[in-house]
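Trainee: Got a minute? I'd like to go through this model with you.
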2 protein chains.
Amino acid sequence: MPLDRRQRRRLETIEEVLDIAAEIMAEQGVAGLSVGEIARRMGIRPPSLYVYFPSKNALYDALFARGAELILAAMAEQRSDLTGSFEEQLLASARAFIGWCIEHPAYSQLLFWRPVPGFTPTAEAYAPAVRLLGLTTAWFEELQSDGLIRADVAVADVLRDWTVITSGVISQQLANAPDEDVEAGRYLAALPGLAAMFAAHYGATRPSARSRGRARHADQR
Amino acid sequence: MPLDRRQRRRLETIEEVLDIAAEIMAEQGVAGLSVGEIARRMGIRPPSLYVYFPSKNALYDALFARGAELILAAMAEQRSDLTGSFEEQLLASARAFIGWCIEHPAYSQLLFWRPVPGFTPTAEAYAPAVRLLGLTTAWFEELQSDGLIRADVAVADVLRDWTVITSGVISQQLANAPDEDVEAGRYLAALPGLAAMFAAHYGATRPSARSRGRARHADQR
DNA sequence: GTCTATATGACGATAGAC
DNA sequence: GTCTATCGTCATATAGAC
């Protein structure tokens, strides 16, 4: 069923509200978002916004969903390009992820910390994040089948440890040097060393017995 | 110069304000702290608090200083007890640190994230955090002198990588499972594996040439 | 010196007129 | 769908009681 003019217009307004809200969050921080400021920048009165969002938390929820979709899209796009050793793939993937977070610090705070008292994302808003976790799990499972990850470790543990490391880089970078860009990022600079350490620990040194014959170049050093 | 009755009474009141403020932060989150709520629980009017703190941010600053002092004290206390291999010392130290953070999530948010728009800690409030970093640096330097850390790596890099890992555990634990205690903490459970990985990468396998003859039991496996 | 009384302007949110 | 009017709460400021 096609959307009529009114529905389309409504969706456009909602997008505009979210654009401006994201802009304010980027300037003032997640908790600095104010309904009045959104209305001011849109040239309308605050109560008019309640036609589109029943509460400020509903607005945060929509922003959470949007951020999760954006990062899911960014990661899904480069997933197919991942080649090379375990270490190379880890590094490329984490660089994309952390790079996005550094470029979108406000979204990152909303997605990965809990800065708004009383706000918890709904299941719908969380869905893209779950899909991203699923994608990453599938990727690690494939790496193990291909013999790039040791066969004697649980994928869930490898994934948990890797997310700890990436979220540590993000957390340190955003908290201690929020104004550094991707090139300057002093904690992002730790990533190659950490990826090497991680690959040395969890990477397989030869194709495993379960390899399906399409293993990429494993780190054989 | 001893404090007279008035000054002592004033300091007691300030301590009471901070106690209650920390209590509210623990219940409502960092951003959920309200001056009015503090006054309500103390049985006074909000403006009275401005005798002790010139602004809400000054209050956050005092809380930041207090949290930093608390964690510095917790870490300094157990530092002298650290013995054993590099891996064992890493694990014991990080467990103490992360355990404190899990038990004091509100202080941790204030100390390690940036949840309050417009608030940046003053240099005085930051001082204990700097001292803690200094303590940890000295500890790592000692470990290197004792031959437990490879002689060919910079202590600053080892320290940066280790803080990335510990802050990753804290970040994941507080964001994804804030209600789990220290025993249940599913991300804290990743710590032994991560410490083993880290020690295998940066730990020395034999006492270095620079050992001062008081090396502890190095991991010789 | 310490607190109260009172006021200001911003906030999130609601009701109802048009 | 947007407005005005309004509510209660918030941080904050000032004046003055005791």
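Mentor: Start with DNA strand C: of its atoms within 4 Å of the protein, 78% belong to sugar or phosphate and the rest to bases. This is a predicted model, where local features need pLDDT of at least 70, side-chain atom pairs count only at pLDDT 80 or more, and totals for chains, interfaces and linings use all residues. Residues are numbered from 1 along each chain as its sequence is written, chains are lettered from A and ligands numbered from 1 in the order in which they are written, and side-chain values use heavy atoms, with hydrogens and water left out.

Trainee: Which residues are the closest to strand C?
Mentor: A:Arg40, A:Tyr50, A:Lys56, B:Ser48 and B:Tyr52, out of 17 that surround the strand; a residue is near if one of its heavy atoms lies within 4 Å.

Trainee: What lies 2.9 Å from a phosphate oxygen there?
Mentor: A polar side-chain atom of A:Arg40. For B:Tyr52, a polar side-chain atom is 2.4 Å from a phosphate oxygen of strand C, while A:Lys56 places a backbone N or O atom 2.8 Å from one.

Trainee: Switching topic, how much do chains A and B bury between them?
Mentor: About 2600 Å², 65% of it on carbon and sulfur atoms. Buried area is the accessible area (1.4 Å probe) that two parts lose on being put together, summed over both. In chain A, the residues that lose the most area to chain B are A:Arg114, A:Val164 and A:Met197, together 23% of what that side buries.

Trainee: How many salt bridges across that interface?
Mentor: The rule, a side-chain nitrogen of Lys or Arg within 4 Å of a carboxyl oxygen of Asp or Glu, finds 0.

Terms used
A polar contact is a pair of N or O atoms within 3.5 Å; within protein, one must be able to donate a hydrogen and the other to accept it, and residues adjacent in sequence count only if both atoms are side-chain atoms.
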